[in-house]
Amino acid sequence: MPWAAHSSGGNEPDARSVFEILVREHADMLEAFLRSLMGPDPGLDDVFQEVMLVAWRRLADYDKSRPFGPWLRGIAQMLVLQHARQGRVRPRSTDPAVLVELESRFETLLHQPGDTFKERAERILQCLAQLPDTLREAIELVYIRDTPMSAAAEVTGANREAFWKRVQRGRQLLADCMGVGKVIP
């Protein structure tokens, strides 16, 4: 059942209060999702604000029996693709399979221990800190600094194949630490 613009009375909060709570709970997740889609694009903050504006305008369409995060990420994905078509942003990928996989990984993160997205993300950083130096460096270069694989291999002095093996081992150890199990390539 979609929310009405205002509560029907009683102790129910109004739509604005509910929206503010949901935004606070999901802002870190939304920023991380947009960074996953857009990388270091300078337009990220503008897209973030636009997502929030569209979500507010469409709040009456939101089905509160469903999770808010996927709905918000859906709006974000739609806006990033729209901006990409207009040449305003350059997303890392617009491949539907990649976007589905990204959504799946964010959904998986939702089920990790921790009350907030930030706490779950901090757990990933704790696991990252436990990796051997060479594996941590490989993961940081590729996934945090967004360094192309060949350039990252060169920085470390490894050939491309050896570097890719480091990335794969690092990802598997992170997955084991997070309790996820097998890593999807």
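**Exercise 1. Find the stretch where pLDDT stays under 50, and set it against the confidence of the chain.**

Solution. Residues 1-9 are the stretch in which pLDDT (the predictor's confidence in each residue, from 0 to 100) stays under 50, and for these residues the model has 18 contacts beyond four places in sequence, a contact being heavy atoms within 4.5 Å. This is a predicted model, in which local features need pLDDT of at least 70 and side-chain atom pairs count only at pLDDT 80 or more, whereas totals for chains, interfaces and linings use all residues. Residues are numbered from 1 along each chain as its sequence is written, and side-chain values use heavy atoms, with hydrogens and water left out. Next, take the chain as a whole: its mean pLDDT is 82, and 87% of its residues reach 70 or more. Finally, go by element: confidence is lowest in α4, at a mean of 79, and highest in helix α2 (residues 44-57), at 93.

**Exercise 2. Describe the secondary structure of the chain and how much of the chain is buried.**

Solution. Begin with the elements, which are DSSP runs numbered from the N terminus (helices are H or I, at least four residues; strands are E, at least two): the chain has eight helices and zero strands. Then turn to burial, where buried means under 20% relative accessible area, exposed over 50%, and partly exposed in between, with a 1.4 Å probe and protein chains only; by this rule, buried residues make up 36% of the 185 residues. Last, consider the contacts between residues at least 6 apart in sequence, of which 58% join residues at least 24 apart.

**Exercise 3. Work out which residues of α5 are buried, which are exposed, and what covers the buried ones.**

Solution. Helix α5 covers residues 117-130, and its 14 residues reach 20 Å from the first C-alpha to the last, close to the 20 Å expected at 1.5 Å a residue, where the expected span is 1.5 Å times one less than the number of residues. Within α5, Phe117, Arg120, Cys127 and Leu128 are buried. Seen down the axis of α5, these buried residues fall within an arc of 105°, so they line one face of the helix; the arc is that of the directions from the helix axis to the C-beta atoms. On the other side, Leu125, Gln126, Ala129 and Gln130 are exposed. The cover over the buried residues of α5 includes α1 (15-38), α4 (96-110), α6 (133-144) and α8 (160-178).

**Exercise 4. Carry out the analysis of buried residues for α8.**

Solution. Helix α8 has 19 residues and reaches 27 Å from its first C-alpha to its last, close to the 27 Å expected. Its buried residues are Phe163, Arg166, Val167, Gly170, Arg171, Leu174, Ala175 and Met178. Down the axis of α8 they fall within an arc of 165°, so they line one face of the helix. What covers them includes α4, α5, α6 and α7.

**Exercise 5. Locate Thr147 and decide whether this residue is buried or exposed.**

Solution. Thr147 lies in the loop between α6 and α7 (149-156). Its relative accessible area is 17%, so Thr147 is buried. Leaving aside neighbours within four places in sequence, Thr147 is in contact with Leu141, Val142 and Ala152.
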